[in-house]
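Reader: Please take me through one part of this model in detail. I would like to follow the aromatic ring pairs and the strands that carry them.

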Amino acid sequence: MVINLRIATLGGFACILIGAALAGTYQLGRSNAAANAAALAPAAPTGGGLPAGHAPAPPREGKVGADPSQKFTHFRVGNKNVKRIFVDGDMVWVGTSGGAVRYDTRTDDYKLFDVKSGLLSNGVFHVGRVGEKVAVGTYGGGLALLDRKTEQWETYNIPEGLGDAFVYDVLTAKNGDVWIATWSGVNRIHGGDLKDRSKWELHTVASTKGGLPNDWVYGLAEGKNGEIWLGTEGGLAQFAQGRWENWNHAKGLGAPYERVKNAIDFKNDPAKVSEHHARQKQEMGLQNIDVAYNPNYIVALAVDAQGVVWTGTWGGGLSRYDGKTWTQYTVSEGLPGNHVFMLHIDPGGVLWIGTNNGLARLKSGGGFEVLTTQDGLFNNAVFSMATARDGTLWVGSFGGVAKIKPS
């Protein structure tokens with residue numbers, strides 16, 4: 001079913017748009033990003049689940065009717081945010097608030113994994129690998145590992161040592177340690193031996209004596225020298241050689257409010273409806289700002305091959321830290337939006353930035369190249385991205401995924 005839309009080009013990627021259903025009848029239609037602004041804002045954890053209603057349940061597995069000759073394909077997932085995309089060889093995993101979908105790029109087969117398949121929650125925030133198993137971090141259901149041969153799940157939750165049942169990111173460090181970002185601190189499992197409870201540690205604001213600036217740990221990344229970087233709701237932290245250090249807005253993280261106040265698209269202040277956010281704004285001295293702005297809140301984190309740390313903030317734009325100096329990038333410098341939801345460094349070392357208002361690519365000479373729905377993206381709110389080994393880009397947003405083949 002071909003949709004007659006424009007051909008666009010994004011720096012070497014030729015794009016032709018067609019429509020395809022990634023999960024059978026998960027076609028609840030494209031939604032306007034502005035009309036769904038409240039759904040786009042990162043909020044205190046809530047239980048994930050399939051949309052309510054009386055419509056028949058969509059098929060749990062089947063085939064996608066994609067046209068392999070096309071360069072740009074849309075896969076619709078319904079009224080859901082695509083919070084993580086993970087490319088595992090020929091398999092593409094799409095993590096949504098209604099479960100995780102596994103798509104086989106060779107055969108066009110897909111399969112949905114959710115609570116009926118062994119997960120403890122339908123809300124999926126992270127998909128990746130731990131050893132030979134697929135790791136899924138959920139909203140309220142802890143961490144689940146899938147044996148790819150048997151398709152059986154093993155789950156880890158608070159009784160096993162997990163800091164919290166809400167899991168946002170998982171990192172396997174070069175030394176074999178596994179780090180798990182949760183809503184109540186970060187776990188470190190020495191040697192990655194999850195089955196040995198004695199190998200589990202939990203680091204919090206209290207246990208690190210403030211070295212970790214906030215217990216809501218949202219992102220993890222490893223530096224070129226093995227240091228661990230952590231993005232939290234209260235700033236950036238580093239763990240290196242047994243020591244903790246942190247940075248917040250006062251030290252250079254996030255652009256000042258005066259610089260971004262005219263380009264804050266979300267006017268709904270989370271602090272008005274959440275005691276958690278209200279307390280956090282009070283702690284950061286932001287109580288007089290009544291829009292969705294918090295430069296200390298790191299929503300996305302990445303470290304490039306040179307060791308430069310990139311952070312995406314909630315309304316404070318993109319920040320760059322080279323170990324000495326902070327630099328901020330906002331709409332004024334060419335970003336499409338000041339809410340940065342996603343950072344992805346592709347195999348060529350190019351930084352991609354997913355915002356509330358489009359996808360940007362950092363050009364080698366400086367500045368940004370921007371792609372929006374005007375050019376064929378499924379939705380301007382970009383939450384996730386991955387690059388396949390053939391160079392194909394997978395971009396996740398509200399309601400669906402765009403697949404962009406290299407030209």
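Author: What follows starts with one strand pair and moves on to the rings. This is a predicted model, in which local features need pLDDT of at least 70, side-chain atom pairs count only at pLDDT 80 or more, and totals for chains, interfaces and linings use all residues. Residues are numbered from 1 along each chain as its sequence is written, and side-chain values use heavy atoms, with hydrogens and water left out.

The protein chain holds three helices and 29 strands (DSSP runs of at least four residues for helices, H or I, and at least two for strands, E, numbered from the N terminus). In strand E5 (residues 91-96), five of six residues are buried (under 20% relative accessible area, with a 1.4 Å probe and protein chains only). Six bridges pair E5 with strand E6 (residues 99-104) in the antiparallel sense; pairing requires at least two DSSP bridges. A hairpin of two residues joins E5 to E6, and Val92 stands opposite Tyr103 in E6.

The whole structure has 28 aromatic pairs (Phe, Tyr or six-membered Trp rings with centres within 6.5 Å; planes under 30 degrees apart are stacked, over 60 edge-to-face, the rest tilted). Tyr103 and Trp394 have ring centres 6.0 Å apart and planes at 65°, so they form an edge-to-face pair. Trp394 lies in strand E29 (residues 393-404), 291 residues from Tyr103. Tyr103 is buried at 2% relative accessible area, and Trp394 is buried at 3%.

Tyr168 and Trp216 make a tilted pair, because their centres are 5.7 Å apart and their planes at 40°. Tyr168 is in strand E12 (residues 167-172) and Trp216 in the loop between strands E15 (200-203) and E16 (217-222), so the pair ties together parts 48 residues apart in sequence. Tyr168 and Trp216 also belong to a cluster linked by ring pairs, including Phe125 and Tyr297.

How values were computed. Buried means under 20% relative accessible area, exposed over 50%, partly exposed in between (1.4 Å probe, protein chains only).
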